[in-house]
Amino acid sequence: MKVPFSTLARLHEDLREEMADAFSRVYDSGMFIRSKECSAFEEEFAAYCGARYALGVASGLDALVVALKALDVGPGDDVVLPANTFIATALAVSAVGANVVLADPDEKTCNMTARGFLSAITENTKVVIPVHLYGQPAEIEEIAKEAATRGVLVVEDCAQAHGALCGGKHVGTFGAIGCFSFYPGKNLGALGDGGAVITDSEELADRMRRIANYGSSIRYHHEEKGINSRLDELQAAFLRVKLRHLDACNEARSLIAVRYLENIRNPLVALPCVEPGRDHVWHIFAIHCVERDALRDHLRQRGIETVCHYPVTIADQGAYASDGRLSPTPLARRLADTELSLPLYFGMTDEEIDYVIDALNAFNGGGGNRAA
Ligand SMILES: *Cc1c(COP(=O)(O)O)cnc(C)c1O
């Protein structure tokens, strides 16, 4: 049997007609940038998240950049983010000229904790960016509380956690601004690039709208040096369709995760840890195994495709090699060396899930170190 790491084919088959209608609507309207679909999506997405405002932008990276610019983050400011996130979180900080400061995550959840944040905080920390990694909310309530007492602003990176809840409240609504990516493979994905920021602050919403629109709120009048970052009409129309199915899709992901959690039994494999009170939306089902590469080969030989999220820590990336302030911690490196993401996608059949489970349970080591 062949099991891909991910495929959109089954979801897109189910949505074919609705998506085709969305395409025709935009095609016939003749309006392709920031028109009705875009504002309708912004309203619907804000309402879904329980935020007052949403603004569509061109990507998840841009969402972070626009958020940081709106908070006037720049040279001389430190921004704390997790040592084990996708590079975009760090690149957004670098893009505005601020300094990346890395915090070690919790070893079990792989997520940022209040303790990790506090041990990374500096005199110049202006913003903290908790990432709801793999789809599980980070320790966001505690981080937001600690940040507030220290005058640090919170920007949430929700690129992997559309629809995830913490204490019944949507991620993205705990800090000043929540940032989302609609890259096709995310839980809410467009048919191309896209992103959004959400906020409850009218002032920040207006500022972000201006920044993403060439620094202009009145046509051809540019109050600041903005950028061009727009969610286009077609993607907005597609996203409106997908948003209506997001909860059902997340529920389908959760059923697959539960089947994995209940049936994978291998002392060499550490399963993901779900914290009480947090609704994990399973963007990624991350396991850890000391003999990760041998396990990956074992699965590949059986036709099962896996991915590592992420094999190289931010501090170890070539892009940050010249940044003398960053140094990888043993924990960040250990997570990078042991992480393996299992196949998980809408429409995955029980046969496929059980095939992956059996293959994992049959792994008895690559002959190396067995301590897990
Ligand atoms: C995907 C992702 C981003 C960036 O999103 P793009 O739309 O690809 O720019 C940012 N942060 C995290 C954690 C992500 O997973």
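This section describes the ligand site and the aromatic pairs of a predicted model.

The ligand occupies the largest pocket. Its surroundings comprise 13 residues, of which G60, L61, D157, S181 and K186 come nearest. Sorted by class, this shell contains five nonpolar, six polar and two charged residues. Two helices, α3 (60-70) and α4 (87-95), each contribute at least two residues to the shell.

Polar contacts to the ligand involve both backbone and side-chain atoms of the protein, among them those of L61 and D157. At L61, a polar backbone atom is placed 2.8 Å from an oxygen atom of the ligand. The contact of D157 is made through its side chain, a polar atom of which lies 2.8 Å from a nitrogen atom of the ligand. The side chain of Q160 also takes part, with an N or O atom at 2.9 Å from an oxygen atom of the ligand. On its own, the ligand has an accessible area of 380 Å², and the protein covers 91% of this area. L61 and D157 thus appear both among the residues that come nearest to the ligand and in the polar contacts described here.

Aromatic rings were also examined for pairing, and the count comes to eight aromatic pairs. One of these is formed by F23 and Y27, whose ring centres are 5.2 Å apart. The planes of the two rings enclose an angle of 25 degrees; because planes under 30 degrees apart count as stacked, the pair formed by F23 and Y27 is classed as stacked. Both residues belong to helix α1 (residues 9-29). Within this helix, F23 and Y27 are separated by four residues, about one helical turn.

Definitions and conventions: Residues numbered from 1 in each chain as written. Predicted model: local features only at pLDDT ≥ 70, side-chain atom pairs only at ≥ 80, totals over all residues. Heavy atoms only, no water. Near = heavy atom within 4 Å. Polar contact = N/O pair within 3.5 Å; in protein donor to acceptor, adjacent residues only side chain to side chain. Areas by Shrake-Rupley, 256 points an atom, 1.4 Å probe, with all protein chains shown as cover. 1 Å grid on protein atoms, 1.4 Å probe; cavity = no way out; pocket = protein on both sides within 12 Å on 5 of 7 lines; lining within 4 Å. Sits in = over half its atoms within 2 Å of the grid points. Nonpolar A, V, L, I, M, F, W, Y, C, P; charged D, E, K, R; others polar. Phe/Tyr/Trp six-rings, centres within 6.5 Å; stacked < 30°, edge-to-face > 60°.
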